[in-house]
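User: I should like to understand the terms applied to this model. Please set each value against its cut-off.
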Amino acid sequence: MFKIGCHLSASGGYTAMAQTAVSIGANVFQFFTRNPRGGMAKPIDKKDVADFLAYAEKNGIGPILAHAPYTLNAAGAEQRVRDFAEMTFVDDLKRLEWTPGAMYNFHPGSHVGQGAEIGVELVSSMLQRVFAAAFAASGKVSTTVLLETMAGKGSELGRNFEELKAIIDKTEAGLKGDLAGVRLGVCLDTCHVWDGGYDIAGDLDGVIKRFDDVVGLDRLKAIHLNDSMNPLAAHKDRHAKIGKGHIGAAALSAVINHPELRDLPFYLETPCDLQGYKEEIAMLKGMRKE
Ligand code: FE
Ligand code: FE
Ligand code: ZN
């Protein structure tokens, strides 16, 4: 089944998001766990969560993808920045225990001049502490945590598959005992990998093969489906509407139909309002081959 949806505003709660998804032809959605610039999350509304779970079950909605705030930087140079990242991450994982089967996507961070090696070390050690704290609080970790592929803007980590793999390996090497089974995944953003220099328009098979060789396709859990306002390897990260950017509709059609990708959930993060998303979803359903 084609799992397609988009980023939605979380301001009305889970049930409202699911209803909005259905109204635009979506069966998955992404949302920010809190203001994308940081700050406190709203307390969990247990009635809303219960209503959502029933509605999602009945309407075949999911998996839902929670997105961490952009300001979360586990690789920051300042302790204050790293502490905020860790505290937010643990809080989000605790909250996501209310919606089992959700995934949590985050930007690996920016090393802000400390170097990628130190950045990878900081992110991995934070993830180990985060999983331990989440397990201590909830007795389990039900949420799959995803590292997002990044465009390589500034000192962003995750600019290539090797950096993601390094974070995954370093993190999992330190997960012992109750946490030994916890596995990290990856969310591939089509705009970001394109901007990062992976030619998904000219050689999609080659990029997928590269991902499989470096990270392993079993790690790939979600796709952010975006066109890009910039040419290959621009390292800019400006999303375009599907078919209105440098990647193009034909290449993105190949992405949603590729045998290794087609069963993954696709989340649009294009510059659209709800009506725009509805139209993109309808267009993509038209491009989807049975
Ligand atoms: Fe993102
Ligand atoms: Fe993205
Ligand atoms: Zn982006």
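User: Where is Arg34 found?
Analyst: In this predicted model, Arg34 belongs to the loop between β2 (28-32) and α2 (46-59).

User: Why does Arg34 count as buried?
Analyst: The relative accessibility of Arg34 is 8%. Buried means under 20%, so Arg34 counts as buried. Leaving aside neighbours within four places in sequence, the residues in contact with Arg34 include Met40, Pro69, Asp91 and Arg95.

User: What makes the pair Arg34 and Asp91 a polar contact?
Analyst: The side chains of Arg34 and Asp91 are joined at 2.9 Å. The cut-off for such a pair of N or O atoms is within 3.5 Å, and therefore the term applies.

User: Which residues are the protein donors of the iron ion (ligand 2)?
Analyst: They are Glu148 (OE), Asp189 (OD), His224 (ND1) and Glu269 (OE), lying 2.0 to 2.2 Å from the ion. The cut-off for donors of this metal is within 2.8 Å, so these atoms qualify.

User: Why is the site of the iron ion (ligand 2) called irregular?
Analyst: The angles among its four donor atoms run from 85 to 172°. A tetrahedral site needs all angles between 85 and 135 degrees, so the value of 172° rules that out. The site is classed as irregular.

User: What does Glu148 bridge?
Analyst: Glu148 bridges the iron ion (ligand 2) and the iron ion (ligand 1), which lie 3.3 Å apart. Glu148 in strand β5 (residues 144-148) and Asp189 in strand β6 (residues 185-189) are 41 residues apart, and the pair links distant parts of the chain. Both Glu148 and Asp189 are buried.

Technical notes:
Residues numbered from 1 in each chain as written. Chains lettered and ligands numbered in written order. Predicted model: local features only at pLDDT ≥ 70, side-chain atom pairs only at ≥ 80, totals over all residues. Heavy atoms only, no water. Helix = DSSP H or I, 4+ residues; strand = E, 2+ residues; numbered from the N terminus. Buried < 20%, exposed > 50% of the residue type's maximum accessible area, 1.4 Å probe, protein only. Polar contact = N/O pair within 3.5 Å; in protein donor to acceptor, adjacent residues only side chain to side chain. Contact = heavy atoms within 4.5 Å. Donors = N, O, S within 2.8 Å, 3.2 Å for Na, K, Ca; no water. Tetrahedral: all angles 85-135°; square planar, octahedral: opposite > 155°, others 65-115°.
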